[in-house]
Amino acid sequence: MAKIDPAKIWSLNHRLLMSVIASVASDITALGVETKELFVLSEVDDHPYPAELAASLCIPKPSVTLYVKRLEAAGFLRREIDTADLRRHRLELTSAGRKVMQQGNALLSEAFALKLGRLSAAQQAELRALLEQMS
């Protein structure tokens, strides 16, 4: 049996994800956001503080600040003082931001479904189980 190269598996996974993102990038941009901004919108409900977003998305804090400012200016996010800690800003999706987030995620999901369609139902189930095991 050939030796497993973790770097090759990582590279294949990265290439797959980047090809999915690239295939819908222009459609996401047509929604009024860049791809990384869509990822920010997608994480706000679970990570409503900018520092948490940065950590969750592995994006530098200054980049998150820039994305938040652009998303706020576009009307997709609201930044409010956290009533529990007046030193912190809490982020919240606006209805327009939630709509864009849902549409953008649907685009990514459809594009990924095309890639998954190359696998049988059993292979898809196995892939899911393996990814859950690794997560």
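Me: Which side chain meets Glu132 in a salt bridge?

Reply: The general idea first: a salt bridge is a side-chain nitrogen of Lys or Arg within 4 Å of a carboxyl oxygen of Asp or Glu. Here the side chain of Arg128 meets that of Glu132, at 2.8 Å from N to O. Both sit in helix H6 (residues 121-134), 4 residues apart, so about one helical turn separates them.

Me: Where do labels such as H6 come from?

Reply: Helices (H or I, at least four residues) and strands (E, at least two) are DSSP runs, numbered from the N terminus. The protein chain has 6 helices and 2 strands. From the N terminus on, their order is α-α-α-α-β-β-α-α.

Me: What kind of model is this?

Reply: This is a predicted model, in which local features need pLDDT of at least 70, side-chain atom pairs count only at pLDDT 80 or more, and totals for chains, interfaces and linings use all residues. Residues are numbered from 1 along each chain as its sequence is written, and side-chain values use heavy atoms, with hydrogens and water left out.

Me: How do I read the confidence, and where is it lowest?

Reply: Read pLDDT as the predictor's confidence in each residue, from 0 to 100. The chain averages 95, and 99% of the residues score at least 70. Strand S2 (residues 85-93) has the lowest confidence, with a mean of 87. Helix H5 (residues 95-116) has the highest, at 98.

Me: Are Glu132 and Arg128 buried or exposed?

Reply: Start with the cut-offs: buried means under 20% relative accessible area, exposed over 50%, and partly exposed in between (1.4 Å probe, protein chains only). Glu132 is partly exposed, at 48%. Arg128 is exposed, at 57%. Elsewhere, salt bridges that share partners join Arg78, Glu80 and Glu92 into one network.

Me: How many salt bridges are there by this rule?

Reply: The count is 7. One of them joins Arg98 and Asp45, at 2.8 Å from N to O. Arg98 lies in helix H5, and Asp45 in the loop between helix H2 (35-43) and helix H3 (50-57), so the pair ties together parts 53 residues apart in sequence. Arg98 is partly exposed at 30% relative accessibility. Asp45 is also partly exposed, at 45%.

Me: Which residue does Arg79 meet in a salt bridge?

Reply: Arg79 meets Glu72, with 2.6 Å from N to O. Arg79 is partly exposed, with a relative accessible area of 29%. Glu72 is partly exposed too, at 28%.

Me: How many side chains carry each charge?

Reply: For this count, Lys and Arg are positive and Asp and Glu negative; His and the chain ends are not counted. A charge is placed at NZ of Lys, CZ of Arg, CG of Asp or CD of Glu. The chain has 17 positive and 16 negative side chains. The centres of the two sets lie 5 Å apart.

Me: What is notable about the phi of Cys58?

Reply: Most residues other than glycine have a negative phi. Cys58 has a positive phi of about 55°, although it is not a glycine. Cys58 is found in the loop between H3 and helix H4 (61-73). At 69% relative accessibility, Cys58 counts as exposed.

Me: Which residues of H2 are buried, and what do they pack against?

Reply: The buried residues of H2 are Thr35, Glu37, Leu38, Val40 and Leu41. To read packing, use contact, which means heavy atoms within 4.5 Å. These buried residues of H2 pack against helix H1 (6-30), H3, H4, strand S1 (77-82), S2 and H5. Across the chain of 135 residues, 24% count as buried.

Me: Where does Thr94 lie, and which residues does Thr94 touch?

Reply: Thr94 lies in the loop between S2 and H5. Thr94 counts as buried, at 12% relative accessibility. Leaving out residues up to four places away in sequence, Thr94 touches Gly75, Phe76, Leu77 and Arg78.

Me: What box do the C-alpha atoms of the chain fill?

Reply: Taken along the principal axes, the box is roughly 60 × 30 × 25 Å. Among contacts between residues at least 6 apart in sequence, 50% join residues at least 24 apart. As for single positions, the C-alpha atoms of Arg128 and Ser56 are separated by 21 Å. Arg128 and Ser56 are 72 residues apart along the chain.
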